[in-house]
Each structure stands twice: as C-alpha cells, then as structure tokens.
Amino acid sequence: MRTPRDATTSKTTEHENIEHESRQHESTEHERRLAAPLAGRRIKAAVIGTGAIASGSHLPALAALAAEGEVEIVAAVDIDADAVKRFCADGGVPHGYTDLDRMLAEQRPDLVSICTPPTLHREQTVAALRAGAWVWCEKPPVPTLADFDAVEAEEGTDGGPYASIVFQHRFGSGARHVRRLIADGAMGRPLVAHCQTTWYRNAAYYAVPWRGKWETEGGGPAMGHGIHQMDLLLDLLGPWSEVRAMAGRLVHEVQTEDVSTALVRFESGALATIVNSVLSPDEVSRIRIDCERATVELTHLYGHSNDNWRITPVPDAAAEDVAAWQAFGVDVPSSHLAQLRDLVASMRAGERPRSSGADGRTSLELITALYKSAFTDTTVRAGEIGPGDPYYIALHGGAPGWAPATYEEASA
Ligand SMILES: NC(=O)c1ccc[n+]([C@@H]2O[C@H](COP(=O)([O-])OP(=O)(O)OC[C@H]3O[C@@H](n4cnc5c(N)ncnc54)[C@H](O)[C@@H]3O)[C@@H](O)[C@H]2O)c1
C-alpha cells in the first residue's frame, strides 16, 4: 500500500519516487501487454487460400469486424498469383503473397484463416502456430486423427496460440438456445435423435479430378458434407460412446462412399441415427432430437436462423415452459461471422476458443469411427482409435474394396 508523502521529502527523494513509480507503471504496463498482447489494438488477420470460401465467407466476416475496429486484414496468400491479386483488389487487402512462410515472417499476423484444400491444413496450421499466430482453419480440419493430434501438439499451452476449426453451424442464436435448453435439462433428457445430411451431387461434380478420392478430398459425404450436421449434433448432445455403421457406393464412380448410415449411442444413454449422402434428389440438412418433454427439430440446407428451428411440446406441457423453450431471442443466423466474433473474444481473453482441441476433434473422431465400423463390420467405441490403429492414419483404414489400389499395393 502507498504511504502518504512526507511534506519534508527532499526534491531528490521526490524525483526518485517519481522515477520509481514510473518504472513500476512501465513494468505493470509491460506485464499487462505480455498477459494481454492484443489489448488496445486491432487483431492483424491474414487469409491463406483465396478461393470460394475465402471470398464468400471469410472476407465478409473479417470485413464486418474490421468495420467495428476489431480486426485489420493485413495480407492474403495463394499459390495462384492472379487469384490472390484479385482477392486483394476486391477486399482492399494491402499485401498479397504466393509464399506462406514469407507472409508469416514479414506480416507477423495474430490470426490466420486457412481456406485451402484439406490436405494442406496440417502443414499450414503448424506453420502459422509456430509463427505465433492463432488459426481459424476450414473444415474438414485435417485428413486424419494423427494429423489432428500433431497440430494440437503445436498449440500454446497457456493462453495460445490455438487452432480452431470452422464449424459455423454451432454458432448463432438457434444453436446457442437449444444447447442451453438441453444442457439445463429444460425439456427433460434427450432420448433419440436423427441427423441427416442428404444432399445431391451429379456426375459433373465428381468429374473434377480431386473429388471422390481419399487422398485429395479426404473422404466421402461423411467427411466432406455431413461433418457440419454431425458436429452440431455432438455439440448439442455431448460425448458419444459407440457407433455401428454401414457405407455404400451406389451411384457415383468414386473411391469413397457416396452414402453412409450409422447408429450412435451417447454417454447420456441417448440413441441417434445418422445418414450422410450425395445421391438424394430432395436435399435437406436436418437434426431432430426427442427429449422427454419436447421434440426439437432443425431443418435447413447450408445454414440456419431462428425460423429453421421448431419445438413441439408434449400435450400436457405448461404454457410458460413452452413459451420459454420457444423464446429463441434476437435472430443471429449461423455464419462465419458469428463464429469469428466468438474466436476474437477468446483471443482477447487469451482463452482456448470453442471448436479447438478436444472440442474441435469430436466430429473427426466420430467420422473416423463411422468409417472403421462400416469397413470392419464392428462396433467402434469412443477413444479406441489411436496410434497403431490403421484408421488413425487413413480414414479408409486400408480396407479391401475401399482403400485406393495404390495403398493396398504399397502395404502388401
Ligand atoms: N465452412 C463451410 O461451410 C465450407 C464451405 C465450402 C468449403 N469449405 C472448405 O474450405 C476449404 C476450401 O474450399 P474452397 O471451396 O474455397 O476451395 P477453392 O478451390 O475454391 O479454393 C482453394 C484455394 O486454395 C488455393 N491453394 C491451393 N494450394 C495452396 C497453397 N499451397 N497455398 C496457398 N493457397 C493454395 C487455391 O489456389 C485456391 O484459390 C476446404 O477445406 C472446404 O472443405 C468450407
């Protein structure tokens, strides 16, 4: 505690006191900056990969937060020099690069959005983390659990930097409201759920050379298309405990599956069925959860707002309970912007963001288990796929009839 100043204090002592206080102030300020390095300034953001999702979703989200004084978009990177030039011109981004390492060294961004194809996510995320940047990496996170664990090992231990996965369907007012209702047990226990990503993709879609292949697309609709809905289901229902699945290749000439079905048991005891397809003419993304006192249903295609959610109570539910369940509040649609706001708040607080670490790994683990169950005709339990398991390093697990011929030959 400071003591009252003695009126007879000599000038020298007073001067020393002032110097001491000023040094104390400086070191407190220094400590504060170390503890909160982003305090009082904009977060410097960079975008890697300037294709469809970067221009359609990341740039608008970053621009919205730039307009609020939260971030500053400092650079973009793409191996295609014309693409990055166009992106920078359209978005008013000052520095364009074709080399990620050079950009990281010269711009020292605080946050890097990774919007490249999935097979590049691991090396680019690691490069950004090592340069001290937080990462917001597009889904699917990385091709395998081994890749995910390698990335997680590069994260900071206390206060970041962390790598968060883009799972924008978890964010927005609808998902937040329903997550809270379920976590609080407001509608009773969740009992049974349906999770559907039944989409349609034609032959022209699969004529693009990198699609339909394990090596370049990472997986079939379970990985590339259904991951958002499964991730949201897990976010709402919590940890799963076991899965039994089937996969088929019914229409498309692909290495991967074009449809899969799965039965999942959750730690809570709830049961779920999951369907992921790219052969369903009537397309829908849907989650339905029957709780003891109400059914919650989300029906949409690529994103949702409050209107996409419906809550149907049991006949004898009290009117005030129903009103509370149906009070979704101010509509905040699921979106990249909604997730980015959350991520920026975590960065400023120096806290692990949602959708990173174990929380960002859950859907990849369920998908890996789904493939293993389908290809080995067994029940797979949560936590069982680790180093030494063929599915830890490849989603096809080397399974005959599913693994690429080159993989089977190499491991023969
Ligand atoms: N969150 C969502 O809803 C959503 C929707 C669509 C796509 N995605 C994901 O976003 C990612 C990108 O998809 P897209 O549709 O934008 O693809 P895209 O092909 O349109 O864009 C990818 C860009 O990455 C660039 N690139 C390739 N190699 C690079 C490298 N080594 N360094 C820098 N840039 C490189 C390409 O030149 C291209 O401009 C994928 O993981 C995809 O699954 C997410």
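**Exercise 1. The two sides of helix α4**

Determine which residues of helix α4 (residues 100-107) are buried in this predicted model, and which are exposed.

Solution. Step 1: the buried residues of α4 are L100, M103, L104 and Q107. Step 2: these residues lie on the same side of α4, because they cover an arc of only 100° around the axis. Step 3: the general rule behind this pattern is that an α-helix has 3.6 residues a turn, so residues three or four places apart point the same way. Step 4: on the other side of α4, D101, R102 and A105 are exposed. Step 5: the cover over the buried residues of α4 includes the strands β1 (43-48), β2 (71-77) and β3 (95-97), together with α5 (121-130). Step 6: R108 follows α4, and its phi is positive, near 45°.

**Exercise 2. The setting of A369**

Establish whether A369 is buried or exposed, and identify what A369 touches.

Solution. Step 1: A369 belongs to helix α14, which spans residues 357-376. Step 2: a residue counts as buried if 20 or more other C-beta atoms lie within 10 Å of its own. Step 3: A369 has 26 other C-beta atoms within 10 Å, and is therefore buried. Step 4: leaving aside residues up to four places away in sequence, A369 touches V243, V380 and I385. Step 5: Y391 is 22 residues from A369 along the chain, and the C-alpha atoms of A369 and Y391 are separated by 8.0 Å.

**Exercise 3. The pairing of strand β11**

Describe how strand β11 (residues 279-291) pairs with β7 and with β12.

Solution. Step 1: β11 and strand β7 (residues 190-200) pair in the antiparallel sense, over nine bridges. Step 2: within this pairing, T197 has S285 of β11 as its bridge partner. Step 3: β11 and strand β12 (residues 294-300) also run antiparallel, joined by six bridges. Step 4: here R286 has T299 of β12 as its bridge partner. Step 5: the connection from β11 to β12 is a hairpin through two residues.

**Exercise 4. Helix α2 and the ligand**

Characterise the shell of residues around the ligand and state what helix α2 gives to that shell.

Solution. Step 1: the ligand is surrounded by 22 residues, of which G49, G51, A52, I53 and E138 are the closest. Step 2: sorted by class, the shell comprises 13 nonpolar, five polar and four charged residues. Step 3: helix α2 (residues 52-67) gives the most to this shell, with three residues. Step 4: S57 is also found in α2. Step 5: S57 has 21 C-beta neighbours inside 10 Å and so counts as buried. Step 6: between S57 and Q196, 139 residues apart in sequence, the C-alpha to C-alpha distance is 24 Å.

**Exercise 5. The chain as a whole**

Summarise the make-up of the protein chain and the confidence of the prediction.

Solution. Step 1: the chain contains 16 helices and 14 strands. Step 2: its C-alpha atoms fill a box of roughly 90 × 60 × 45 Å along the principal axes. Step 3: of its 412 residues, 43% count as buried. Step 4: among contacts with a separation of 6 or more, 68% are between residues 24 or more positions apart. Step 5: the average pLDDT is 93, and 91% of the residues score at least 70. Step 6: over residues 1-16, however, the pLDDT is below 50, and this stretch has one contact in the model beyond near neighbours in sequence.

How values were computed. Residues numbered from 1 in each chain as written. Predicted model: local features only at pLDDT ≥ 70, side-chain atom pairs only at ≥ 80, totals over all residues. pLDDT = per-residue confidence, 0-100. Contact = placed C-beta atoms within 7 Å. Helix = DSSP H or I, 4+ residues; strand = E, 2+ residues; numbered from the N terminus. Buried ≥ 20, exposed ≤ 12 C-beta atoms within 10 Å, placed from the backbone. Near = placed C-beta within 6 Å. Nonpolar A, V, L, I, M, F, W, Y, C, P; charged D, E, K, R; others polar. Arc of directions from axis to C-beta. Pairing = 2+ DSSP bridges.
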